[in-house]
Amino acid sequence: MTTIRFRLIGSRADADDVIVGLHGLKGIGHIEEIDDSMLDMGEDSSSGESASDTGAHCYGIEVEVTSDSVADAVRGNAEVLAHACGTGIEFVDEF
């Protein structure tokens with residue numbers, strides 16, 4: 001199995017909408033939200049607003065898939081769902 005990891009920056013409702021939307025895809029082993037307090041910690045940066053400055057939170061999501069084609073579908077659908085919610089998304093190798 002392949003694992004897709006991404007961060008969503010937005011509201012709890014937005015994260016739930018993206019997760020629920022991904023559950024409809026075939027070939028998904030499971031979807032898990034990673035509880036990591038480090039995800040919400042902002043970096044020391046003077047450029048732009050951090051998630052904590054805007055009231056948004058960072059949610060780490062892992063999706064286990066059965067094949068590379070399903071992984072591509074998960075990435076594409078996650079981007080579309082996040083965009084529809086107005087939520088930021090970042091694909092990562094590890095949290």
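User: What makes the four strands an open sheet, and in what order do they stand?

Analyst: In this predicted model, the four strands stand in the order β2-β3-β1-β4, with antiparallel pairing. Strands β2 (28–34) and β4 (88–92) are at the edges and have a single partner strand each, so one side of each is left without a neighbour in the sheet. From one strand to the next, the twist averages 25°.

User: How do you know that β1 and β3 are paired?

Analyst: Two strands count as paired if there are at least two bridges between them. Strand β1 (residues 2–10) and strand β3 (residues 57–65) are joined by nine bridges in the antiparallel sense, so the requirement of at least two is met. Within this pairing, Leu 8 stands opposite Tyr 59 of β3, while Ile 9 stands opposite Cys 58 of β3.

User: What makes β1 and β4 a pair as well?

Analyst: The cut-off is again at least two bridges, and β1 and β4 have five, in the antiparallel sense. Ile 9, which stands opposite Cys 58 in β3, also stands opposite Gly 88 in β4.

User: Why is the crossing of α1 and α3 given a hand, and which one is it?

Analyst: The hand depends on whether the near helix is turned anticlockwise or clockwise from the far one, so a clockwise turn makes a crossing right-handed. The crossing of α1 and α3 is right-handed. Helix α1 (residues 12–23) and helix α3 (residues 68–85) pack at an angle of about 145°, and their axes are 9 Å apart.

User: Which residues make the contact between these two helices, and how do they divide?

Analyst: A residue belongs to the contact if heavy atoms lie within 4.5 Å. On α1 the contact is made by Asp 14, Asp 17, Val 18, Gly 21 and Leu 22, and on α3 by Val 74, Asn 77, Ala 78, Leu 81, Ala 82 and Cys 85. These residues divide into seven nonpolar, two polar and two charged. Gly counts as polar and Asp as charged, and Gly 21, Asp 14 and Asp 17 are among the contact residues of α1.

User: How are the helices and strands arranged along the chain?

Analyst: The chain has three helices and four strands, and from the N terminus on, its elements run β-α-β-α-β-α-β.

User: What share of the residues is called buried, and what is the cut-off?

Analyst: A residue is called buried when its relative accessible area is under 20%, and 28% of the 95 residues of the chain count as buried. The accessible surface of the chain comes to about 5800 Å², of which 46% belongs to carbon and sulfur atoms.

Notes. Residues are numbered from 1 along each chain as its sequence is written. This is a predicted model: local features need pLDDT of at least 70, side-chain atom pairs count only at pLDDT 80 or more; totals for chains, interfaces and linings use all residues. Side-chain values use heavy atoms; hydrogens and water are left out. Axes are lines fitted to C-alpha atoms, for helices over the stretch in contact, and angles run from 0 to 180 degrees between N-to-C directions. Buried means under 20% relative accessible area, exposed over 50%, partly exposed in between (1.4 Å probe, protein chains only). Accessible areas come from the Shrake-Rupley method with a 1.4 Å probe; for residues, only the protein chains shown count as cover.
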